[in-house]
Amino acid sequence: MTDNHTSASSTAWRSYRIGKALLWGGLILFLPAVPLLGMALHALRVPGNPAAIAAFALIALWLINGLWLAKFLCPVCCKRFFVYGPLRIGNLWARRCCHCGASAPINTR
Ligand SMILES: [Zn+2]
């Protein structure tokens, strides 16, 4: 294995970890973040319902991250990590590649 391949693989696993952290973080922090962001938007005198704007914005960001994560290519087999089968069924909560079973190394730098 060359250094370039190892570096590219390390970068790919790092982006995988960021995507998964945003997925879990968005799920866990959604309820506390909506009122805080709503209050911030209200303080900035944003017209409309600030809480609804905050909620839709966070949901949109979470969905964009999910779509990006669904396109993640496995560094081992170069296939979609979370998508499998002829119907392109995806499981964003999967911890192993749906094709080769590879999982993110514990320590990548
Ligand atoms: Zn794979």
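# A guided tour of a predicted model

Begin with the whole chain in view: of the 109 residues in the protein, buried ones make up 9%. What you have open is a predicted model, and its average pLDDT is 89, with 93% of the residues scoring at least 70.

Colour the chain by secondary structure, and you should find 2 helices and 2 strands, which follow one another along the sequence in the pattern α-α-β-β. The radius of gyration is 18 Å, well over the 13 Å that the globule rule gives for 109 residues, so the protein is more spread out than a compact globule. If you turn the model along its principal axes, the C-alpha trace spans about 55 × 35 × 20 Å. Among the contacts between residues at least 6 apart in sequence, 42% join residues that are at least 24 apart.

Next, colour by pLDDT and compare the elements. Which element has the lowest mean pLDDT, and which the highest? Strand β2, made of residues 89-90, has the lowest, at 84, while α2 has the highest, at 94.

**First stop: helix α1.** Select residues 3-43, which form helix α1, and go to A43, which lies in this helix. Is A43 buried or exposed? With 9 C-beta neighbours inside 10 Å, A43 counts as exposed, because a residue with 12 or fewer such neighbours is placed in that class. Now draw a distance from A43 to I59: these residues are 16 apart in sequence, and their C-alpha atoms are 21 Å apart in space.

**Second stop: helix α2.** Select residues 50-70, which make up helix α2, and pick out A70 there. A70 is partly exposed, since 16 other C-beta atoms lie within 10 Å. Show its surroundings and look for F82, V83, G90 and L92, which A70 touches when residues up to four places away in sequence are not counted. Then add Y16 to the selection: although Y16 and A70 are 54 residues apart along the chain, their C-alpha atoms are separated by 10 Å.

**Third stop: the loop between α2 and β1.** Two residues are worth selecting here, beginning with C78, which lies in the loop between α2 and β1, the strand of residues 83-84. C78 is exposed, with 11 other C-beta atoms within 10 Å. Look at its backbone as well, for C78 has a positive phi of about 60 degrees although it is not a glycine. Most residues other than glycine have a negative phi.

Move on to F81, which also lies in the loop between α2 and β1. How many other C-beta atoms lie within 10 Å of F81? There are 30 of them, and F81 is therefore buried. Leaving aside neighbours within four places in sequence, F81 is in contact with F72, L73, C74, C97 and C98, so display these five together with it. For a separation of another kind, select L41, which is 40 residues from F81 along the chain, and you will find the two C-alpha atoms separated by 37 Å.

**Last stop: the loop between β1 and β2.** Select R88, which lies in the loop between these two strands. R88 is exposed, with 9 other C-beta atoms within 10 Å, and the backbone of R88 has a positive phi of about 55 degrees although this residue is not a glycine.

Key
Residues are numbered from 1 along each chain as its sequence is written. This is a predicted model: local features need pLDDT of at least 70, side-chain atom pairs count only at pLDDT 80 or more; totals for chains, interfaces and linings use all residues. Helices (H or I, at least four residues) and strands (E, at least two) are DSSP runs, numbered from the N terminus. A residue is buried if 20 or more other C-beta atoms lie within 10 Å of its own, exposed if 12 or fewer, and partly exposed in between; C-beta atoms are placed from the backbone. Two residues are in contact if their C-beta atoms, placed from the backbone, lie within 7 Å. The radius of gyration is taken over C-alpha atoms; the globule rule is 2.2 Å times the number of residues to the power 0.38. pLDDT is the predictor's confidence in each residue, from 0 to 100.
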